[in-house]
Amino acid sequence: MNERIIELEHITPKDFWGPQDIHLEVIKKLYPKLKIVARGTTMKIFGEAEILDQFETRFERILKYYDKYNQLNENIIERLILDDVPQRMDKSDEILVHGLGGKLIKATTPNQQKLVDLVFKNDMVFAIGPAGTGKTYTGVALAVKALKEKQVKRIILTRPAVEAGENLGFLPGDMKEKLDPYMQPLYDALRDMLPPTTLEDYLLKGIIQIAPLAFMRGRTLDNAFVILDEAQNTTHSQMKMFLTRMGKNAKFIITGDPGQVDLPRKVTSGLREALRILEGVEGIGFVFLDDKDIVRHRLVKKIVEAYKKVETANEFASHQNYYQNNQNTENPTS
């Protein structure tokens with residue numbers, strides 16, 4: 001009697017096998033000539049070589065389906081095992097990732113779709129726009145898609161922890177605990193797209209890395225999908241350092257909102273500078289999202305519009321005062 005061993009990598013057995021191992025029981029019924037024993041993440045199968053070969057091929061379909069959709073049921077298992085020609089699992093090429101609970105994650109606005117298209121065509125893309133336009137969320141979905149499809153070996157998500165400044169020493173906990181609050185939006189996006197155990201496993205093994213921008217210095221990022229979030233808060237040297245980390249088979253997405261710079265006054269935003277310097281460079285794509293792309297609560301769009309009116313008015317008044325002061329200096333009255 002022949003034996004095969006299959007390891008269920010990055011899979012939570014309880015979720016994969018279902019309540020009371022109902023999914024495992026379905027598989028056993030479909031292969032009565034095999035003895036199938038599952039313990040944790042290890043499955044042993046005993047039987048004739050020819051049947052074992054067929055079983056491995058069909059079981060691989062189940063693994064791929066679960067990895068993509070994060071769910072299984074008895075009907076799906078039967079279809080994947082019994083169909084000689086596997087049916088197309090995804091009827092829409094627009095879907096980037098099947099999130100938890102069957103959530104379909106895809107571009108929902110024309111500019112988000114433009115971001116997706118640009119990432120497929122370019123190795124580096126700048127996604128610029130106000131809060132709530134989905135630039136970071138779409139970027140993370142593209143990264144998870146690339147990892148699942150084995151286009152890259154790891155995901156690296158980074159932000160400049162500019163809000164922390166010199167105050168990290170006053171915060172409780174180790175460095176990770178101090179910095180995690182600044183990385184929270186990235187964790188939130190990942191939790192929508194990956195099962196908790198899988199995400200924890202990826203983070204533990206370094207397959208997914210979330211770190212402040214300062215930790216990128218000196219690294220060469222090969223075979224990675226890398227996202228720099230909140231890039232408007234980078235300095236000239238930080239942005240240059242990050243952009244030159246790109247290694248072989250890498251994808252870079254840089255997101256930011258030039259209107260929300262938290263840097264000290266008189267410090268030039270590395271994002272604003274990069275947009276000017278890199279314009280026209282072949283292989284780099286640019287997409288500019290706006291108020292129409294806001295996908296949060298409907299009030300967010302109205303809030304952004306209201307603030308924009310005030311900020312535009314203030315900017316005009318500032319320019320007007322500057323002009324008048326210069327005129328007074330040039331033509332002093334006696």
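A nonpolar core is a set of buried Ala, Val, Leu, Ile, Met, Phe, Trp, Tyr and Cys residues joined through side-chain atoms within 4.5 Å. In this predicted model, the largest such core has 37 residues, and another core of 28 residues lies apart from it. The structure also holds 8 salt bridges.

**Nonpolar cores**

- Within the largest nonpolar core, the residues that touch the most other members are Val144, Leu190, Met193, Ile208, Ile210 and Phe225.
- Helix α6, which spans residues 135-148, supplies the largest share of this core, namely 7 residues.
- Phe225 is in contact with several residues beyond its neighbours within four places in sequence, including Val119, Gly139, Leu142, Ala143 and Ala146.
- The contacts of Phe225 also include Val152, Arg154, Ile155, Ile156, Lys251 and Ile253.
- The core of 28 residues that lies apart from the largest one has Ile27, Tyr31, Leu72 and Leu80 among its members.
- In soluble globular proteins, nonpolar side chains tend to be buried together.

**A salt bridge between distant parts of the sequence**

- Arg159 forms a salt bridge with Asp229, and their closest N and O atoms are 3.0 Å apart.
- Arg159 belongs to strand β7 (residues 154-159), while Asp229 sits in the loop between β9 (224-228) and α9 (236-243), so this pair ties together parts that are 70 residues apart in sequence.
- Both Arg159 and Asp229 are buried.

**Salt bridges between residues four places apart**

- Lys205 and Asp201 meet through their side chains in a salt bridge, with an N to O distance of 3.5 Å.
- Helix α8 (residues 196-205) contains both Lys205 and Asp201, which are 4 residues apart, about one turn of the helix.
- Lys205 counts as exposed because its relative accessibility is 55%, a value over the 50% cut-off.
- Asp201, by contrast, has a relative accessible area of 18% and is buried because this value is under 20%.
- Lys145 forms a salt bridge with Glu149, the closest N and O atoms being 2.9 Å apart.
- Lys145 counts as buried, with a relative accessibility of 17%, whereas Glu149 is partly exposed at 41%.

**A salt-bridge network**

- Arg4, Asp53 and Glu56 are joined into one network by salt bridges that share partners.

Terms used: Residues numbered from 1 in each chain as written. Predicted model: local features only at pLDDT ≥ 70, side-chain atom pairs only at ≥ 80, totals over all residues. Heavy atoms only, no water. Buried < 20%, exposed > 50% of the residue type's maximum accessible area, 1.4 Å probe, protein only. Helix = DSSP H or I, 4+ residues; strand = E, 2+ residues; numbered from the N terminus. Contact = heavy atoms within 4.5 Å.
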